[in-house]
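Me: Please take a close look at one part of this model for me. Start with a single hairpin, then follow the strands and rings outward.

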Amino acid sequence: MVRPSGLLTRQEEPVPLKSICVTLSIREFVAGVAATLNYENEEKFPLETFFVFPMDEDSAVYSFEAMVDGKTIKAELKDKKKAHIIYESAISHRHQAFLLEEDKCSRDVFCCNVGNLQPGSKVALTLKYVQELPLEADGALRYVLPAVLNPRYRCSGSPEDSCLDLKTPIVPLDDLPYAFSMTATVSSQHGIETIQSNCPLSPIEYLGDKKTSAQISLADGHKFDRDVELLIYYREVHTPSVAVELGNPKNNPDGLMKDPSAMVCFYPNIPEVEPSAICGEFVFLMDCSGSMQCPISKQDKSQLRIEAAKETLILLLKSLPVNCYFNIYAFGSSFEAFFPNSVKYTQDTMEEALRRVKLMRADLGGTEILTPLQVIYREPSTPGHPLQLFVFTDGEVTDTFSIIKEVRNHRLRHR
């Protein structure tokens, strides 16, 4: 289901967006983002509005404020229930109020109740957050600024009161009624090799003899029609570095940021190890009890548990390393092994196992896993091939304490 973002009304109508201004500061492996979005109520009546915006799940919001007709309101951290009571009381008295909270079903989407927006009122929403930047396989740091009006997706089973249910219209890119600007400062103690982007950039301005800092901005005419992505390559990315931030005791006498803090960046260059000739012994325990015949969920046409487990087992069988050993046990009130002992993984043994997996049915009665476990543990280990045991079950087992004890007793000889 498509679920977008932006400033919206209770009637799910968009409030006109006039401009977006983003200031980005990337220091070593951490990015600080300050984004200001300007809206205007062009209607002749007040609007109760909501602001929905996507973020990276590893981000942390530390400041949110709104300026309405020259009046600035800053967010304060409150207990969730208390915050709702304060907000609802302010709205009932037709006062300005804001409520920012994380979405119930998606940690990377936040919703802010902006409150009553009077006719002709202009509102500037400023959001500040920090995030750790992920590393690509080639050593580049990757930063992505999500287009705030991009669609979002959620599962059909999510709560109906999720902020992801809010809607926004599709606007032709040639007719985008707002301006967008982004400026960025990138700094590293060891120098910057290069910076790449999926969007046109103005000429990059490097500072310092060793290119320890760079100023970036998007080229004129950029329309915020897609995510803005930056790939940053440092010269000595594997060299440890330390960044110190001074505290602010005057403005934060009781807060976390009153004291100085230090950030240590450590990205070691670990050489790749040649793959080991030891492949391992893989034993799969498949639950074929009657309960595995039930659907995975209560939704119509939901897949049966046994069919889902078989699909996964087939995928694993086709992915085993060459020269390993494997076996499969089907269990319920009784159990049966595909092979008397673990066999070497070859084209023939794999095809034989796949044929028998496809014939599996949930027809073995109860869920008694202890006996086949004991049989597997009694079998001699294949020399040079560590044992790895995979269990497929819906969990409706009996005598769980004996099962856990049995596994614990053999924990040193298998995974």
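Reply: This is a predicted model. Start at the hairpin. E6 pairs with strand E7 (residues 71-74) in the antiparallel sense, over 4 bridges. The two strands form a hairpin with 2 residues between them. Aspartate 69 sits in that turn, with a positive phi of about 50 degrees.

E6 has another partner. Strand E6 (residues 59-68) also pairs with strand E10 (residues 122-132), again in the antiparallel sense, over 9 bridges. Methionine 67 shows both contacts. In E7, methionine 67 stands opposite threonine 72. In E10, methionine 67 stands opposite alanine 124.

Next, strand E11 (residues 141-145). Its covered face carries Leu141, Tyr143 and Leu145. Its uncovered face carries Arg142 and Val144. In a regular strand, side chains alternate between the two faces of the sheet. E11 runs antiparallel to strand E17 (residues 228-234), and 5 bridges join the two. One register point is valine 144, whose bridge partner in E17 is glutamate 229.

E17 leads to the rings. Tyrosine 234 is placed in E17. Tyrosine 234 counts as buried because its relative accessibility is 7%, under the 20% cut-off. The C-alpha atom of tyrosine 234 is separated by 8.8 Å from that of isoleucine 195. Those two residues are 39 apart along the chain.

Tyr234 also joins an aromatic cluster, together with Phe29 and Tyr267. The structure holds 7 aromatic pairs. One of them is formed by phenylalanine 29 and tyrosine 267. That pair is edge-to-face, with 6.3 Å centre to centre and 75 degrees between the planes. Phenylalanine 29 lies in the loop between strand E3 (17-27) and strand E4 (30-40). Tyrosine 267 lies in the loop between strand E19 (261-265) and strand E20 (281-287). The pair therefore ties together parts that are 238 residues apart in sequence. Its two members differ in cover: phenylalanine 29 counts as buried at 12% relative accessibility, whereas tyrosine 267 counts as partly exposed at 23%.

Now a second pair, tyrosine 329 with phenylalanine 335. The ring centres are 6.4 Å apart and the planes stand at 35 degrees, so this pair is tilted. Tyrosine 329 counts as buried, at 6% relative accessibility. Phenylalanine 335 is partly exposed, with a relative accessible area of 32%.

Charged side chains also meet rings. Lysine 211 lies over the face of tyrosine 206, at 4.3 Å from the ring centre. The ring of phenylalanine 338 has the charged end of arginine 356 over it, 4.5 Å from its centre.

Finish at the surface. Val242, Val244, Leu246, Val264 and Phe266 form a nonpolar patch there. Together they have about 560 Å² of accessible area. Valine 242 is found in strand E18 (residues 241-245). With a relative accessible area of 44%, valine 242 is partly exposed.

Key:
Residues numbered from 1 in each chain as written. Predicted model: local features only at pLDDT ≥ 70, side-chain atom pairs only at ≥ 80, totals over all residues. Heavy atoms only, no water. Phe/Tyr/Trp six-rings, centres within 6.5 Å; stacked < 30°, edge-to-face > 60°. Buried < 20%, exposed > 50% of the residue type's maximum accessible area, 1.4 Å probe, protein only. Lys NZ or Arg CZ within 6 Å of the ring centre and 35° of its normal. Pairing = 2+ DSSP bridges. Patch = residues over 30% accessible without salt bridge, like charges linked within 9 Å, V, L, I, M, F, W, Y side chains within 5 Å. Areas by Shrake-Rupley, 256 points an atom, 1.4 Å probe, with all protein chains shown as cover. Salt bridge = Lys/Arg side-chain N within 4 Å of Asp/Glu carboxyl O.
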